[in-house]
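Got the viewer open and the cartoon view switched on? Let's take a short walk through this one, picking a selection at each stop.

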Amino acid sequence: MPTYSYACTACDHAFDAVQSIHDAALTECPECTSPVRKRFGSVGVTFKGSGFYRTDSRSDAKTASSAS
């Protein structure tokens, strides 16, 4: 299940909540019951290995043609 980050609009209390994608978004701060907003961060995707970039598949061909 994904973890969502929230921040209170009144007291700036920041917290994370583990929720299903089918659950409704939280609306109240657990500290002061004021409205909260979702915080968006960077995506946690990591690509490992070769072949993810356009230049990865061409590096061997490029060096072979420049050596000729």
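Start by selecting Tyr-6 and Lys-38: Tyr-6 stands opposite Lys-38, which belongs to β3. Keep in mind as you click around that this is a predicted model.

Next, add Ala-7 and look across to β3 again, where Arg-37 is its bridge partner. Now colour the whole of both strands. How many bridges join β1 to β3? There are four, and the two strands run antiparallel.

Swing over to the other side of β1. Select Ser-5 and you'll find Asp-16 of β2 opposite. Here β1 and β2 are joined by five bridges, again with the strands running antiparallel. Follow the chain from β1 into β2 and you go round a hairpin with five residues between the strands. Stop at Asp-12 in that turn: its phi is positive, about 60 degrees.

Zoom out to take in the sheet as a whole. It is an open sheet of three strands in the order β2-β1-β3, paired antiparallel. Which strands stand at the edges? They are β2 and β3 (36-39), and each has a single partner strand, so one side of each has no neighbour in the sheet. Tilt the view and look at the twist: on average, neighbouring strands are turned by 35 degrees against each other, ignoring direction.

Time to show side chains. Select Tyr-6, Cys-8, Phe-15, Ala-17, Cys-29 and Val-36, the six residues of the largest nonpolar core. Both β1 (3-8) and β2 (14-18) supply at least two residues each to this core. As background, nonpolar side chains in soluble globular proteins tend to be buried together.

Pick out Ala-17 from that group; you'll find it in strand β2. Is Ala-17 buried or exposed? Its relative accessibility is 13%, so it counts as buried, the cut-off being under 20%. Beyond residues up to four places away in sequence, Ala-17 touches Pro-2, Thr-3, Tyr-4, Tyr-6 and Leu-26. Try a distance label between the C-alpha atoms of Ala-17 and Thr-3: they are separated by 5.5 Å, though the residues are 14 apart along the chain.

Then go to another core member, Cys-29. Leaving out neighbours within four places in sequence, its contacts are Cys-8, Cys-11, His-13, Ser-34 and Val-36.

From there, hop to Ser-34, in the loop between β2 and β3. Ser-34 is buried, at 16% relative accessible area. Apart from neighbours within four places in sequence, Ser-34 is in contact with Cys-8, Ala-10, Thr-27, Glu-28 and Cys-29.

Last stop: Cys-32, which also sits in the loop between β2 and β3. Cys-32 has a relative accessible area of 30%, so it is partly exposed. Show what surrounds it and, not counting residues up to four places away in sequence, Cys-32 touches Cys-8, Ala-10 and Cys-11. For a final label, join the C-alpha atoms of Cys-32 and Cys-8: the separation is 8.5 Å, with the two residues 24 apart along the chain.

Technical notes
Residues are numbered from 1 along each chain as its sequence is written. This is a predicted model: local features need pLDDT of at least 70, side-chain atom pairs count only at pLDDT 80 or more; totals for chains, interfaces and linings use all residues. Side-chain values use heavy atoms; hydrogens and water are left out. A nonpolar core is a set of buried Ala, Val, Leu, Ile, Met, Phe, Trp, Tyr and Cys residues joined through side-chain atoms within 4.5 Å. Buried means under 20% relative accessible area, exposed over 50%, partly exposed in between (1.4 Å probe, protein chains only). Contact means heavy atoms within 4.5 Å. Two strands pair if DSSP finds at least two bridges between them. Axes are lines fitted to C-alpha atoms, for helices over the stretch in contact, and angles run from 0 to 180 degrees between N-to-C directions.
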